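Work through the exercises below with the sequence and the coordinates at hand. Each task is followed by a stepwise solution.

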Amino acid sequence: MTYEDIVFEKNNGIATIKINRPHVYNAFRGQTIRELIAAFREAWDDNRIGAVIFTAEGEKAFCVGGDQKEKGDEGGYDYGGGLGNGIGLEVENLHNTIRNIPKPVIAAVNGYAIGGGHVLHVICDLTIAASTAKFGQSGPKVGSYDAGYGSAYLARIVGEKKAREIWYLCEQYTADECKEMGLVNRVVAPEELQGAAQEWAEKILEKSPTAIKMLKYSFNADSANIAGISQLAMGSLAMFYDSKESEEGKNAFLEKRPVDFHKFRQ
Ligand code: S0N
């Protein structure tokens, strides 16, 4: 497959998948999601690959969620379809692919990881962050949410209270703060990020592939019910995107004005 929105490389047993849309802070559109799924599948199917590094181009951002400037064929968002073949479905398929690929996925977070971009690193097996990276959810500010892995699995990692804080307040957290809450494994200087991810991937490659695979299955089994919650969440999100309330969030962002959700409380 030819990739346009991402860069995919395989080297000495390590696959590197890089989002390549730095002009929009590596926000994803439907095509990005489809290419990411294809690349993860390619790494999945190649027995020589023992670990995947998931990162992004540039120094500003890892990924800031759905591209607010892209329109789908039906005029709605293009984050990978609408109802029918669905926002839900394609983003959800990417989440499930990262979860289920039987090899560790290391997120190397090089900048902002916000909204749906934050969820991507949450799902990865391990996260190494540049000391300059910033993390957070933004859905309730821009008329969106991830009520699947983005909330339920996040709560497993950071605890219920912290997960609720992250979603209800939509603030940003530093890499060190995220390490403190168990959301990031390691923080390094920005120029050391790719080397640090490579070093961990090489360490994994020295281990028994079957042991690593079974451990990943075991870790996943305990939170496997979230896949069902995620289906419901993405289905409801697809419908919510057609509402005036969600539109207000998106339009306020695009028009660079304060959002006004007050009318939806009447
Ligand atoms: C990342 C932020 C904090 C950076 O702020 P800063 O440094 O002040 O830069 P800006 O001037 O704001 O941005 C620089 C340029 O990048 C563009 N840009 C930023 N974010 C996006 C985006 N998401 N889509 C398209 N373009 C983006 C800016 O517009 C600007 O370019 P110019 O100057 O040309 O206008 C700050 O930018 C920020 O807060 N961004 C918004 C982050 C956000 O809200 N992301 C979520 C958006 N996604 C959704 O609403 C739904 C999709 C999704 O994320 C999702 C999918 C599945 C499941 C769950 C979710 C979910 O919502 O969680």
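**Exercise 1: ligand contacts**

A polar backbone atom of Val-64 lies 2.7 Å from a nitrogen atom of the ligand. The model is predicted: local features need pLDDT of at least 70, side-chain atom pairs count only at pLDDT 80 or more, and totals for chains, interfaces and linings use all residues. Residues are numbered from 1 along each chain as its sequence is written, and side-chain values use heavy atoms, with hydrogens and water left out.

Task: find which ligand atoms the backbone N or O atoms of Gly-66 and Gly-116 approach, and at what distance.

Solution.
1. A polar contact here is a pair of N or O atoms within 3.5 Å.
2. For Gly-66, the partner is a ligand nitrogen at 3.0 Å.
3. For Gly-116, the partner is a ligand oxygen at 2.9 Å.
4. Of the 1100 Å² of accessible area that the ligand has on its own, the protein covers 77% (Shrake-Rupley method, 1.4 Å probe).

**Exercise 2: cysteines**

Task: determine how many disulfides there are, and why Cys-124 forms no bond with Cys-63.

Solution.
1. A disulfide is a pair of cysteine sulfur atoms within 2.5 Å.
2. The closest cysteine sulfur to that of Cys-124 belongs to Cys-63 and is 11 Å away, so the distance is too far for a bond.
3. Cys-178 is in no disulfide either; its nearest cysteine sulfur, in Cys-124, is 14 Å away.
4. The count is 0 disulfides.
5. Cys-124 has 4% relative accessibility and is buried (under 20% relative accessible area, 1.4 Å probe, protein chains only).
6. Cys-178 is buried as well, at 0%.

Terms used
Buried < 20%, exposed > 50% of the residue type's maximum accessible area, 1.4 Å probe, protein only. Polar contact = N/O pair within 3.5 Å; in protein donor to acceptor, adjacent residues only side chain to side chain.
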